[in-house]
Amino acid sequence: MEENDLIWDKESTDQIFNATQKRVFLPQAAEGQFAYSKELVGDAFLAILKSLDFSPELQDLGLGALKPMKRKRALNELAALNIALWRLALENSLPNKHAECYEYFQEISPLFKSKRGREQLLKQIDDYLTLLAEKKDSDFAPLAGRG
């Protein structure tokens with residue numbers, strides 16, 4: 001199913017939620033079909049990731065402009081954490097398509113462009129997924145202790 005083939009079921013009230021006083025409709029597909037393309041999912045997450053502002057976290061860590069190397073490492077950690085959590089959400093939300101969406105995201109994300117950066121980022125993501133492996137999304141305490 002292509003991105004342009006989204007199916008909008010405006011009559012199914014259980015699929016409609018209210019967001020800022022206007023109705024937003026979620027795509028529906030026939031059983032066995034996939035309503036979201038890998039491009040739609042990957043592009044949406046890339047846009048979300050690019051829009052995140054980690055300034056408050058960096059400030060809390062005492063990483064101002066005078067510590068550019070530590071700041072860059074912290075930004076990479078925060079990006080890896082967010083990607084790992086997104087990957088976990090993908091596995092839960094799209095069990096049959098999560099790998100395809102994640103692979104597409106790696107193809108389009110500038111974070112994965114350099115070989116060295118890609119290897120390091122994948123290791124960081126795997127480390128976070130390992131910390132979450134036992135309890136998945138029911139307990140984030142292991143993440144809080146990582147440092």
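**Salt bridges and an aromatic cluster among the helices**

The side chains of D126 and R87 meet in a salt bridge, with 3.9 Å from N to O. This pair joins distant parts of the chain, since D126 belongs to helix α5 and R87 to helix α3, 39 residues apart. The structure examined here is a predicted model, and this contact makes a convenient doorway into it.

R87 has a second partner as well. It forms a salt bridge with E91, where the closest N and O atoms are 3.7 Å apart. Here both residues lie in helix α3, four residues apart, or about one turn of the helix. The spacing makes good sense on general grounds: an α-helix has 3.6 residues a turn, so residues three or four places apart point the same way. Taken together, R87, E91 and D126 are linked in a network of salt bridges. How accessible are the members of this network? R87 has a relative accessibility of 23%, so it counts as partly exposed. E91, also with a relative accessible area of 23%, is partly exposed, and D126 counts as partly exposed at 41%.

The search of the whole structure finds four salt bridges. Another of them pairs E100 with K97, the closest N and O atoms being 3.4 Å apart. These two residues are likewise partly exposed, E100 with a relative accessible area of 33% and K97 with 27%. As a general point, side chains of opposite charge can pair when their charged atoms come close.

A wider view helps to place these contacts. The protein chain has six helices and two strands, and from the N terminus on the elements run β-β-α-α-α-α-α-α. Of its 147 residues, 27% count as buried. The chain exposes about 10,100 Å², of which carbon and sulfur atoms supply 51%. Among contacts with a separation of 6 or more, 51% are between residues 24 or more positions apart.

R87 also leads from the charged network to the aromatic residues. Its charged end sits over the ring of Y102, 4.7 Å from the ring centre. Y102 in turn belongs to a cluster in which ring pairs link F45, W86, Y102, F105 and F112.

Across the whole structure, the search finds five aromatic pairs. In one of them, the rings of F45 and W86 have their centres 4.2 Å apart and their planes at 5°, so the pair is stacked. The two rings come from distant parts of the chain: F45 sits in helix α1 (residues 38-51) and W86 in helix α3 (residues 68-93), 41 residues apart. Both F45 and W86 are buried.

F45 pairs with F105 too, but with another geometry. The ring centres are 5.2 Å apart and the planes stand at 65°, so this pair is edge-to-face. Because F45 lies in helix α1 and F105 in helix α4 (residues 98-108), the pair ties together parts that are 60 residues apart in sequence. F105, like F45, is buried.

What does F105 touch beyond its neighbours in sequence? Not counting residues up to four places away, F105 touches G42, F45, L46, L49, I83, W86 and F112. F105 is one of the buried residues of α4, a group made up of C101, Y102, Y104, F105 and Q106. The buried residues of this helix pack against α1, α3 and α5 (residues 115-132).

Several of these aromatic residues reappear in the nonpolar interior. The largest nonpolar core has 18 residues, and those with the most contacts inside it are I83, W86, L90, Y102, F105, F112 and I125. Which elements give two or more residues to this core? They are α1, α3, α4 and α5. Of these, α3 gives the most, with five residues. In general terms, nonpolar side chains tend to be buried together in soluble globular proteins.

Helix α3 thus appears on both sides of this account. It gives the most residues to the largest nonpolar core, and it holds R87 and E91 of the salt-bridge network. Y102 offers a meeting point between the two themes, with the charged end of R87 over its ring and a place among the residues with the most contacts in the core.

Note on methods
Residues numbered from 1 in each chain as written. Predicted model: local features only at pLDDT ≥ 70, side-chain atom pairs only at ≥ 80, totals over all residues. Heavy atoms only, no water. Buried < 20%, exposed > 50% of the residue type's maximum accessible area, 1.4 Å probe, protein only. Contact = heavy atoms within 4.5 Å. Areas by Shrake-Rupley, 256 points an atom, 1.4 Å probe, with all protein chains shown as cover. Phe/Tyr/Trp six-rings, centres within 6.5 Å; stacked < 30°, edge-to-face > 60°. Lys NZ or Arg CZ within 6 Å of the ring centre and 35° of its normal. Core = buried A, V, L, I, M, F, W, Y, C linked by side-chain atoms within 4.5 Å.
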